[in-house]
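Colleague: I am new to this structure, and I would like to hear the reasoning behind the words used to describe it. Could we go through them one at a time?

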Amino acid sequence: MVGLAESGRRARTVEEPGPGRELWLVSGDRYSSWEAVYRDNVTWVYALMAGKVGYRPDAEDLTAEVFTAALKPLRISATVPEVRAYLKATARTVLASYWRTRMGREITTIDDNDLPEDLPEITDGARAEKQVQEVLDQLPDRYRRILELRFLQSLSVREAAADLGVSVANAKVLQHRAIQMAAQLSERGVR
């Protein structure tokens with residue numbers, strides 16, 4: 001796609017983008033509207049989220065959350081690099097909140113290397129659920145149960161400990177060991 005971008009002072013030709021990427025033209029050093037901000041940045045924000053969470057519906061929700069969070073405080077008069085930096089910082093905050101609420105883990109660094117050229121391969125929900133169930137089926141009963149309570153039923157460590165009839169400290173140890181074993185099984189490919 002070759003197009004012309006018109007700034008108040010001059011016009012310039014924009015080169016063909018790489019495969020799978022769409023190029024939106026922005027006049028001058030600033031965006032003309034919120035729609036231009038969205039169109040110019042949605043692809044890289046979505047690709048970033050998809051690469052970090054690996055599940056298309058969550059990546060879509062997180063992308064929407066980034067733009068919703070940025071809409072109010074972001075000035076339309078900000079320069080293009082300022083807008084992109086703000087969206088990147090907002091994406092970091094949204095992603096940290098996502099991991100904190102779902103896994104008790106924060107991922108707060110987003111490097112320029114994290115912005116993929118092409119969208120990553122994303123597993124569909126049914127295949128991911130099947131993989132999770134296969135891993136859970138291979139775990140010892142107590143390990144499987146602690147993971148089900150904590151991550152599938154979203155119980156706190158205290159609630160999971162009460163359900164299992166163990167101390168909170170013991171529940172934390174069980175969870176840690178269960179996650180390690182599940183990761184090893186997943187890496188080996190459960191049969």
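**Terms and their reasons**

Modeller: Let us begin with Asp-29, which touches Thr-79 and Val-80 when residues up to four places away in sequence are not counted; please keep in mind throughout that this is a predicted model. Asp-29 is found in the loop between β2 (11-14) and α1, and its C-alpha atom is separated by 8.4 Å from that of Pro-81, 52 residues apart along the chain.

Colleague: What makes Asp-29 buried or exposed?

Modeller: The relative accessible area of Asp-29 is 56%, and exposed means over 50%, so Asp-29 is called exposed.

Colleague: How is the chain as a whole made up, and what percentage of its residues count as buried?

Modeller: The protein chain has 7 helices and 2 strands, which follow the pattern β-β-α-α-α-α-α-α-α along the sequence. Of its 191 residues, 34% count as buried, a word that is used for a relative accessible area under 20%. The chain exposes about 12,300 Å², with carbon and sulfur atoms supplying 49% of that area.

Colleague: Where does helix α1 bend, and what follows the helix?

Modeller: Helix α1, residues 34-53, bends by about 45° at Asn-41, and the helix is followed by Gly-54, whose phi is positive, near 70°.

Colleague: Which residues does Arg-84 contact, leaving aside its neighbours within four places in sequence?

Modeller: Arg-84, which lies in helix α3 (residues 80-103), is in contact with Tyr-31, Asp-40, Asn-41 and Trp-44 once those neighbours are set aside. The C-alpha atoms of Arg-84 and Val-37 are separated by 8.9 Å, although the two residues are 47 apart along the chain.

Colleague: Why is Arg-84 given the class that it has for accessibility?

Modeller: Its relative accessibility is 35%, and a value that is neither under 20% nor over 50% falls in between, so Arg-84 counts as partly exposed.

Colleague: How do you know whether α5 is roughly parallel or roughly perpendicular to α7?

Modeller: The axes of helix α5 (residues 141-152) and helix α7 (residues 168-188) come within 9 Å and cross at roughly 100°. Angles of 65 to 115 degrees count as roughly perpendicular, and therefore α5 is described as roughly perpendicular to α7. The contact is made by residues including Tyr-143, Ile-146 and Phe-151 of α5, together with others including Leu-174, Ala-178 and Met-181 of α7. The residues of this contact of α5 with α7 divide into 10 nonpolar, 1 polar and 3 charged.

Colleague: What is remarked on in the phi of Ser-154?

Modeller: Most residues other than glycine have a negative phi. Ser-154 is not a glycine, and yet its phi is positive, about 60°. Ser-154 lies in the loop between α5 and α6 (157-164).

Colleague: Why are Ser-154 and Ser-167 given the accessibility classes that they have?

Modeller: Ser-154 has a relative accessible area of 59%, and over 50% means exposed, so Ser-154 is placed in that class. Ser-167, found in the loop between α6 and α7, has a relative accessibility of 42%; since partly exposed covers the values between 20% and 50%, Ser-167 counts as partly exposed. In space, Ser-167 and Val-157 are 9.5 Å apart, C-alpha to C-alpha, with their positions 10 residues apart in sequence given as their separation.

Terms used: Residues are numbered from 1 along each chain as its sequence is written. This is a predicted model: local features need pLDDT of at least 70, side-chain atom pairs count only at pLDDT 80 or more; totals for chains, interfaces and linings use all residues. Side-chain values use heavy atoms; hydrogens and water are left out. Helices (H or I, at least four residues) and strands (E, at least two) are DSSP runs, numbered from the N terminus. Buried means under 20% relative accessible area, exposed over 50%, partly exposed in between (1.4 Å probe, protein chains only). Accessible areas come from the Shrake-Rupley method with a 1.4 Å probe; for residues, only the protein chains shown count as cover. The bend at a residue is the angle between axes fitted to the seven residues ending there and the seven starting there. Axes are lines fitted to C-alpha atoms, for helices over the stretch in contact, and angles run from 0 to 180 degrees between N-to-C directions. Angles under 35 degrees count as roughly parallel, over 145 as roughly antiparallel, 65 to 115 as roughly perpendicular and the rest as oblique. Contact means heavy atoms within 4.5 Å. Ala, Val, Leu, Ile, Met, Phe, Trp, Tyr, Cys and Pro count as nonpolar, Asp, Glu, Lys and Arg as charged, and the others, Gly among them, as polar.
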